[in-house]
Amino acid sequence: MTARPFEREARTAPWSLRLALLPIPLLIVAVVMHRYEQIDTTPFFVVVAIAWAIALIALVLGAIAMRQIWIDGVLGFGRALAGSLLAALVLVMPGLVIEEMIRLPRLADISTDTSDPPAFGPTVGMAHPLPDAADNAEQAKAYPDILPRHYPVSPPRVFDAVMTLVGSRGWKVGTANAPDAENADASVDAVAKTLVLALPADVAIRILADDDGSLVDMRSASRIGSHDLGDNARRIRSFFEDLDAALQGVAEPAEGDETELPPLPPVSPRAR
């Protein structure tokens, strides 16, 4: 019986796979705990940074193993490849963050009305000073579609639709001032969270009555960081798309009249 020669394996190959398996469950647990407010934002970011660092080390070890396999013909290609792919998957998110930071302007407070933004509640407003002229110019250049919306329906109908959408999104309402006989205008402020990392953002919605309906402004400002990566503009854009859909074909009948009225004309952005 002939003896089989011992076949070496690249030393960093198994370590690449072992380390690459750690960040994914670490990130999942951290995101879930942060979303349900079991950990604060600072330790959450520390955990995320550790997970990304581990993934980067796993990727480097995988590359070292690949080089050794290519040069010396040792074993371990499968582990090195699996570790590298898993690590690269984890590192997609920081890569996208860097790309957005380069592509988009450094803004964290977006409003449909930059000259007179909707006001946040008294406790929140202190944390969000008004953007300056330079920021407003950057917003107009990067997000020209973020404009007020006009709807040919009364403020109470718009307010009800706004509150329904706020509730369906799971936003936490701070104050909600409904229109009444003394004041036809309305306002809502709430706290939203980003989809993936559940980072908080303050939202203010203002409904102003005019002669032929209601003018709606919206403001969204991130609580953390000076660059929102486009999140606030996406939030405003998505909210108005749903509000447009909710108010299409809806008009208030006269008091006591329950008949269905004809659809409204298409709504469109209207600047002040």
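This is a short walk through the structure above, from its overall make-up to its cores and a patch on its surface. Keep in mind as you look that the model is predicted.

Let us begin with the whole protein. Its 272 residues include 40% that count as buried, and its secondary structure is made up of 9 helices and 7 strands. How much of the contact network links residues far apart in sequence? Taking the contacts with a separation of 6 or more, 68% are between residues 24 or more positions apart. On the outside, the accessible surface comes to about 15600 Å², and carbon and sulfur atoms account for 63% of that area.

Now step inside. The largest nonpolar core has 29 residues, and the members that touch the most others are Val 162, Phe 239 and Leu 243. Both helices and strands contribute here: helix 8 (155–168), helix 9 (231–247), strand 4 (186–193), strand 5 (200–210) and strand 6 (213–222) each supply at least two residues of this core. Val 162 makes a good place to pause. Setting aside neighbours within four places in sequence, Val 162 is in contact with Phe 239 and Leu 243, and also with Val 188, Ile 205 and Ile 207. There is a second core too, separate from that one, with 18 residues that include Leu 19, Ile 39, Ala 51 and Leu 91.

Next, find Phe 44 in helix 3. Is this residue buried or exposed? Phe 44 has a relative accessible area of 0%, so it counts as buried. Among residues more than four places away in sequence, Phe 44 touches Ala 30, Val 31, His 34, Ile 39, Leu 197 and Leu 199. One of these partners, Val 31, lies 13 residues from Phe 44 along the chain, and the C-alpha atoms of the two are separated by 7.7 Å.

Finally, come back out to the surface. Here Ile 24, Ile 28, Val 32, Tyr 36, Leu 89, Val 92 and Leu 96 form a nonpolar patch, with about 670 Å² of accessible area together. Two elements, helix 2 (23–35) and helix 5 (92–103), give two or more residues to the patch, and helix 2 provides the largest share, with 3 residues. Tyr 36, another member of the patch, sits in the loop between helix 2 and helix 3 (41–72). Why does Tyr 36 count as exposed? Its relative accessibility is 59%, and the cut-off for exposed is over 50%, so Tyr 36 falls in that class.

Note on methods:
Residues are numbered from 1 along each chain as its sequence is written. This is a predicted model: local features need pLDDT of at least 70, side-chain atom pairs count only at pLDDT 80 or more; totals for chains, interfaces and linings use all residues. Side-chain values use heavy atoms; hydrogens and water are left out. A nonpolar core is a set of buried Ala, Val, Leu, Ile, Met, Phe, Trp, Tyr and Cys residues joined through side-chain atoms within 4.5 Å. Buried means under 20% relative accessible area, exposed over 50%, partly exposed in between (1.4 Å probe, protein chains only). Helices (H or I, at least four residues) and strands (E, at least two) are DSSP runs, numbered from the N terminus. Contact means heavy atoms within 4.5 Å. Patches are made of residues with over 30% relative accessible area and no salt bridge: like charges are joined within 9 Å, nonpolar side chains (Val, Leu, Ile, Met, Phe, Trp, Tyr) within 5 Å. Accessible areas come from the Shrake-Rupley method with a 1.4 Å probe; for residues, only the protein chains shown count as cover. A salt bridge is a side-chain nitrogen of Lys or Arg within 4 Å of a carboxyl oxygen of Asp or Glu.
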